[in-house]
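Trainee: Could we go through this one together? I'd like to know what stands behind each label.

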Amino acid sequence: MSQNTTSQNSVTHDRTSAQVYVEPIVGRYMHLTLNGQPHRVYVEEAGAGVPLLCLHTAGADTRQYRALMNDAELLKQFRVIAFDLPWHGKSSPPEGWQNGTYRLSSKDYTQAILAVADALQLDQPIVMGCSIGGRIVLHLALEHPERFGAAIGLQSGAHVEPYYDLEWLHRSDVHGGEIAAGIVSGLIGPLSPAQHKWETLWHYMQGGPGVFKGDLFFYNADGDIRDRVKQIDTKKCPLWLLTGEYDYSCTPEDTAFLGKTIEGVTWQIMQGMGHFPMSEDPAKFLTYLKPVLQSALRARIT
Amino acid sequence: MDVLWCEMLKQKVNVDERLVWRGRHLSTSFLLQVDQAEYLIQIVDGRIASVKKGPFPIADWVFALRASEAAWAEFLQPIPKPGFHDVMAMLKLKHLKMEGDLYPLMSHLLYFKDVLASVRSCEVTA
């Protein structure tokens, strides 16, 4: 995906008629080898400037970043990029998926992010992820600090204990979309606009069988980084954390633990917001994010 | 103690045609406990068929939701405090217990969340 494509598109993203609005987002499919298998991965982007690589939550997809990719002010400074993890959104599962059970590991997740960044030839991107994405940015800051100019964790915690039987998420006698949305609906802040709450839930309702549950293997088990977060060097990879007040999955206390443990990290609790800030209340979230992005631009390691 | 919001469930839910429709494949009985007060709620095809106040020598319920009066009172606020704003939040933070066969609840989780939210503006107890 070239910068040229994006700039050409920007010509047409203003209103082309009284009724039609064409967004500046351009999506493409990328063929990558991940974990030794060919994959077809959906990537979309908007804007031009410093690359901002955005990672969606468990069981969801790039649509969570729709508001960021439509914010004219942001797009003047940033090339905002998001991709659907394999099995999610418009990315396919690998061939033979029907014969196995999907489980996201720290290793596979890291490899997918680095592979997409390599394929797009991103130079010291700022990486920003939410929930499982907020967890993996901690792994990236620790293990691959040289690859990223800065990192932003949304709803970041070092570990989350499961508080319900995860088997409910993948049963032939329970509708997977309905249960996934039911599980996460309370994670959305009660003040978030209904339109964006239900858009966010729709993404969950569209997830494939067992995909949300497979992502939680990383979130609840394999991605536990409590013992190692102290080793993150924010001089090598500057780090910011933003967490919603109403999130009971990754709680403000979980983020406060990171704030106290990681030297040089900057963190803030977002009042009234929940687990999906960029999707559940984009306008409010941008008031928190924009100052962080300006700080990240200044601190970015190049 | 009369728990007014429990007694209002039938009226609040059954006038909401869309909510009843969403529960159209559900018939079950569940227990709501508010401190020591118990209410047995019967659902038939998504409609609240009856709300009975305990105590019950023998209660025929499939699952139970148990919490203190204070926890339910906070849950019922128009904008509850974090941790009290959702039954799953209350479960994780140990403000609420779920017991029994959770299949009806989990297979209709969004429905039950809206059933309970339907009484958010009601008086709590009398």
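Mentor: Sure, let's start with helix α10 of chain A. Its buried residues are covered by elements of chain A including β5 (126–130), β6 (150–154), α6 (194–205), β7 (239–244) and α9 (277–280). Contact here takes C-beta atoms, placed from the backbone, within 7 Å. Keep in mind that this is a predicted model, where local features need pLDDT of at least 70, side-chain atom pairs count only at pLDDT 80 or more, and totals for chains, interfaces and linings use all residues. Residues are numbered from 1 along each chain as its sequence is written, with chains lettered from A and ligands numbered from 1 in the order in which they are written.

Trainee: And what makes something a helix or a strand here?

Mentor: DSSP runs: H or I of at least four residues for helices, E of at least two for strands, numbered from the N terminus.

Trainee: Which residues of α10(A) are buried?

Mentor: A:Pro282, A:Lys284, A:Phe285, A:Leu289, A:Val292, A:Leu293 and A:Ala296. The label buried takes 20 or more other C-beta atoms within 10 Å of a residue's own, exposed takes 12 or fewer, and partly exposed is in between.

Trainee: How do you know that the span of α10(A) agrees with its 18 residues?

Mentor: The expected span is 1.5 Å times one less than the number of residues. For residues 282–299 that gives 26 Å, and the end C-alpha atoms are 24 Å apart, so the two agree. There is a kink of about 30° at A:Tyr288, shortly before the proline A:Pro291. That bend is the angle between axes fitted to the seven residues ending there and the seven starting there.

Trainee: Why is A:Gln155 called buried?

Mentor: A:Gln155 has 31 other C-beta atoms within 10 Å, so it counts as buried. This residue sits in the loop between β6 and α5 of chain A, and its phi is near 55°, positive in a residue other than glycine.

Trainee: Then what makes B:Asp45 exposed?

Mentor: B:Asp45 has 12 other C-beta atoms within 10 Å, so exposed is the right label. B:Asp45 is in the loop between β2 (37–44) and β3 of chain B and also has a positive phi, about 50°, without being a glycine.

Trainee: Now the helix pairs. Why is α3(A) called roughly perpendicular to α4(A)?

Mentor: Their axes, residues 106–119 and 132–143, cross at roughly 80° and come within 11 Å. Angles of 65 to 115 degrees count as roughly perpendicular, under 35 as roughly parallel, over 145 as roughly antiparallel and the rest as oblique, so α3(A) is roughly perpendicular to α4(A). The axes are lines fitted to C-alpha atoms, for helices over the stretch in contact, with angles from 0 to 180 degrees between N-to-C directions.

Trainee: What makes α5(A) oblique to α6(B)?

Mentor: The axes of α5(A) (residues 176–185) and α6(B) cross at roughly 40° and come within 8 Å, so α5(A) is oblique to α6(B). Among the residues making this contact are A:Ile179 and A:Ile183 of α5(A) and B:Leu109 and B:Lys113 of α6(B).

Trainee: How many residues of chain B are in contact with chain A?

Mentor: 16 residues of chain B touch 16 of chain A. α4(B) gives the most to chain B's side, four residues.

Notes:
Contact = placed C-beta atoms within 7 Å.
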